[in-house]
Amino acid sequence: MKRYSRIDRRAVLKLGAGAVVSLLSGFVFSADKALRVARTPKQTEGPFYPLQDQTDKDANLVQIIGQQGEAAGDRIEVRGRVLDERGSPVPGVLVEIWHANKWGRYDHQRDRNSAPLDPNFQGWGQRLSGEDGGYSFQTIFPGIYPAAPDWKRPPHIHFKLTQRGFHRLTTQMYFPGQELNARDLLLQRLPPAEQTLLIAKAEDVQQLNGQAVARYIFDIVLR
Ligand code: FE
């Protein structure tokens with residue numbers, strides 16, 4: 001009886017030690033992994049999230065289905081991957097973007113900017129992240145617009161991510177090398193390291209159907 005209990009105790013102690021070791025290594029492992037990929041900071045949705053549904057909200061904002069013309073402005077492609085904090089892809093996330101047209105105007109009733117509307121600019125697009133977490137949009141370089149008399153918003157794209165109807169993240173993507181980034185009240189609210197996470201990386205310009213398309217990479221890391 002005594003012997004058995006001693007063995008049991010030893011076994012339990014051994015098991016306990018093993019559990020502690022595996023727990024610790026698990027913690028170190030996950031802490032290490034968590035440190036590897038910084039979470040994308042959230043930002044305000046702003047006043048211009050589309051209010052009315054539109055027939056065409058696909059991933060090509062340059063062309064509205066059924067219309068001849070193309071959106072005015074410099075063509076860009078925005079692509080990236082939706083990841084978790086361990087760097088693993090998150091498929092099946094609805095990625096929505098909306099942004100101002102070439103002249104800095106949103107097709108939205110709350111936008112009082114006198115800049116012209118662009119009847120060929122789709123303004124709003126949606127796309128599900130793929131198996132590799134990847135997404136991409138064809139659009140135009142967004143214009144600058146006044147948010148207040150002494151505050152001009154740098155070019156930016158609004159992002160909203162939802163997964164099976166659950167909200168995951170709302171944020172804004174900025175462009176590298178933009179002077180206004182350093183004076184933007186929303187971007188400057190974040191510590192410098194977090195600002196960097198919201199500025200897309202410029203890739204080489206590509207030719208698409210005889211048009212130059214600048215490509216920007218924006219990976220999004222969810223909590
Ligand atoms: Fe905006």
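Student: About how much space lies in the largest pocket?
Tutor: This is a predicted model, in which local features need pLDDT of at least 70 and side-chain atom pairs count only at pLDDT 80 or more, while totals for chains, interfaces and linings use all residues. A pocket is an open set of points on a 1 Å grid over the protein atoms alone, where a 1.4 Å probe fits and protein lies on both sides within 12 Å along at least five of seven lines. With points joined across faces, edges and corners, and volume taken as the space filled by probe spheres set on them, the largest pocket comes to about 490 Å³.

Student: Which residues lie nearest the centre of the largest pocket?
Tutor: Residues are numbered from 1 along each chain as its sequence is written, and side-chain values use heavy atoms, with hydrogens and water left out. The lining of the largest pocket, meaning residues with an atom within 4 Å of a point, consists of 24 residues. Those nearest the centre of this pocket are Q52, Q54, D107, H108 and Q122.

Student: Which element gives the largest share of the lining of the second largest pocket?
Tutor: The second largest pocket has a volume of about 310 Å³, and its lining holds 13 residues, with R39, T40, K42, L169 and R223 closest to the centre. Helices (H or I, at least four residues) and strands (E, at least two) are DSSP runs numbered from the N terminus, and the elements that give two or more residues to this lining are α2 (192-198) and β8 (166-174). Four of the lining residues, the largest share, come from β8.

Student: How many helices and strands does the protein chain have?
Tutor: Starting at the N terminus, the order of elements is α-β-β-β-β-β-β-β-β-α-β-β-β-β. The secondary structure of the protein chain therefore comes to DSSP runs that number two helices and twelve strands.

Student: Which residues are the protein donors of the iron ion?
Tutor: Donors are N, O and S atoms within 2.8 Å of the metal (3.2 Å for Na, K and Ca), and sites may look incomplete because water is not among the atoms. Here the donors lie 2.0 to 2.1 Å from the iron ion, and the donor residues follow the spacing Y-x38-Y-x10-H-x1-H in sequence. By residue and atom, the protein donors are Y106 (OH), Y145 (OH), H156 (NE2) and H158 (NE2).

Student: Is Y145, one of those donors, buried or exposed?
Tutor: Y145 lies in strand β5 (residues 145-148) and H158 in strand β7 (residues 156-163), so this pair ties together parts that are 13 residues apart in sequence. Buried means under 20% relative accessible area, exposed over 50%, and partly exposed in between (1.4 Å probe, protein chains only). H158 has 2% relative accessibility and counts as buried, while Y145, at 7%, also counts as buried.

Student: Why is the ring pair of F175 and Y216 given the class that it has, and what is that class?
Tutor: Rings of Phe, Tyr and Trp (its six-membered ring) pair if their centres lie within 6.5 Å; planes under 30 degrees apart count as stacked, over 60 as edge-to-face and the rest as tilted. F175, in the loop between β8 and α2, and Y216, in strand β11 (residues 211-217), are 41 residues apart, and both F175 and Y216 are buried. Because their ring centres are 4.9 Å apart and their planes stand at 90°, the pair is edge-to-face.
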